[in-house]
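This report describes the strands and helices of one chain and how they pack. The sheet comes first, then the helix pairs, then two single residues.

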Amino acid sequence: MAGKLETRNNIVLIGFMGTGKTTAGRLLAERTGRTFVDLDEEIERLLGMPVSAIFAQYGESFFREQEQQIIRQIICRSNIVFATGGGAVLLEENIRNLQQCGLIITLKCQPEVIIKRIVGDTAVRPLLNRENRLQVITELLQERCSRYDTANFCIDTSLISTDEVVKKMEDLITIWKDSILLAKSI
């Protein structure tokens, strides 16, 4: 029981690329005394190459398998802020494992804002190395919407600063912890 309660101290950030998971996640970890873990960075470290090279050399399926393996390992850790990749929620097993890991917050953002945030960042965003990025983003968001909706809470980051996003996350963490305490007392 103690191990399970420890891992419940984790904060998991899911959402599409460019929604602020890494930027806000780093700041949240710093403010809450947690360790920050970025799924893409973990994969890059494991394989010794950038995400774009992994996609180019091995394909998306291989990359998703690496995500799955690392998520399996991450759920055993405690006191972390864990930023997933945008497609990590595509596999049902990943969602189940992330739900065991702790509080899940989806960061959402309007497609037009995402485009502005990721402009010129094609090296780490291989799914967008195509024409008509806005259409691709819109379609991918629609495909993944139900997966992102599995989170405990959602924050729209389109029109707010990173500091405001982190403040909202801190408020949600408090609400979440209070709900756990309330459930235990019943």
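A residue is called buried here when its relative accessible area is under 20%. The model is a predicted one, and that cut-off is applied to strand β3 directly below.

**Strand β3 and the sheet**

In β3, the side chains of Ile 80 and Phe 82 point one way, while Val 81 and Ala 83 point the other way. These residues are all buried. In general, side chains of a regular strand alternate between the two faces of the sheet.

Strand β3 belongs to an open sheet of five strands, whose order is β2-β3-β1-β4-β5. The pairing in this sheet is parallel. The edge positions are taken by β2 (35–38) and β5 (153–156); each has a single partner strand, so one side of each is left without a neighbour in the sheet. Neighbouring strands are turned against each other by 20 degrees on average, with direction ignored. As a general point, strands of a sheet pair through backbone hydrogen bonds, in either a parallel or an antiparallel manner.

The pairings can be followed across the sheet, starting at the β2 edge. The table gives the bridge count for each pair, together with one pair of opposed residues.

| Strand pair | Bridges | Opposed residues |
|---|---|---|
| β2 and β3 | four bridges | Thr 35 and Ile 80 |
| β1 and β3 | three bridges | Val 12 and Phe 82 |
| β1 and β4 | five bridges | Leu 13 and Ile 105 |
| β4 and β5 | four bridges | Ile 105 and Phe 153 |

Two residues of β3 that point one way from the strand, Ile 80 and Phe 82, recur in the table: Ile 80 stands opposite Thr 35, and Phe 82 is the bridge partner of Val 12. Strand β1 covers residues 10–14, and β4 covers residues 102–108. Ile 105 has a bridge partner on each side, with Leu 13 in β1 and Phe 153 in β5. Another residue of β4, Lys 108, stands opposite Asp 156 in β5. Strand β4 is mostly covered, with six of its seven residues buried.

One helix can be placed directly against this sheet. Helix α3, residues 39–47, lies across β2 and β3 and runs at about 70 degrees to β2.

**Helix pairs**

How do the axes of α5 and α6 cross? Helix α5 (residues 60–74) and α6 have axes that come within 9 Å and cross at roughly 20 degrees. That angle is under 35 degrees, which makes α5 roughly parallel to α6. The crossing is left-handed. From α5, the residues Gln 68, Ile 71, Arg 72 and Ile 74 meet Glu 93, Asn 94, Asn 97, Leu 98 and Cys 101 of α6. By type, the residues of this contact comprise four nonpolar, three polar and two charged.

The second pair is α7 and α8. Helix α7 spans residues 111–118 and helix α8 residues 133–148; their axes come within 9 Å and cross at roughly 120 degrees. At that angle α7 is oblique to α8. The crossing of α7 and α8 is right-handed. On the α7 side the contact is made by Pro 111, Glu 112, Ile 114, Ile 115 and Ile 118, and on the α8 side by Arg 133, Leu 134, Ile 137, Thr 138 and Leu 141. The residues of the α7–α8 contact divide into seven nonpolar, one polar and two charged.

**Two residues of helix α6**

Helix α6 runs over residues 92–101 and includes Asn 97. Is Asn 97 buried or exposed? Its relative accessible area is 10%, so Asn 97 counts as buried. Leaving aside neighbours within four places in sequence, Asn 97 is in contact with Ile 71, Arg 72 and Ile 75. Of these contacts, Ile 71 and Arg 72 are also listed among the α5 residues that meet α6.

Ile 95 also has its place in helix α6. Its relative accessibility is 3%, so Ile 95 counts as buried. Which residues does Ile 95 touch, not counting those up to four places away in sequence? They are Val 89, Arg 147 and Thr 150. Ile 95 and Thr 150 are 55 residues apart in sequence, while their C-alpha atoms are 7.7 Å apart in space.

Terms used: Residues numbered from 1 in each chain as written. Predicted model: local features only at pLDDT ≥ 70, side-chain atom pairs only at ≥ 80, totals over all residues. Heavy atoms only, no water. Pairing = 2+ DSSP bridges. Axes fitted to C-alpha atoms, helices over the stretch in contact; angles between N-to-C directions. Contact = heavy atoms within 4.5 Å. Buried < 20%, exposed > 50% of the residue type's maximum accessible area, 1.4 Å probe, protein only. Parallel < 35°, antiparallel > 145°, perpendicular 65-115°, else oblique. Left-handed = near helix turned anticlockwise from the far one by under 90°. Nonpolar A, V, L, I, M, F, W, Y, C, P; charged D, E, K, R; others polar.
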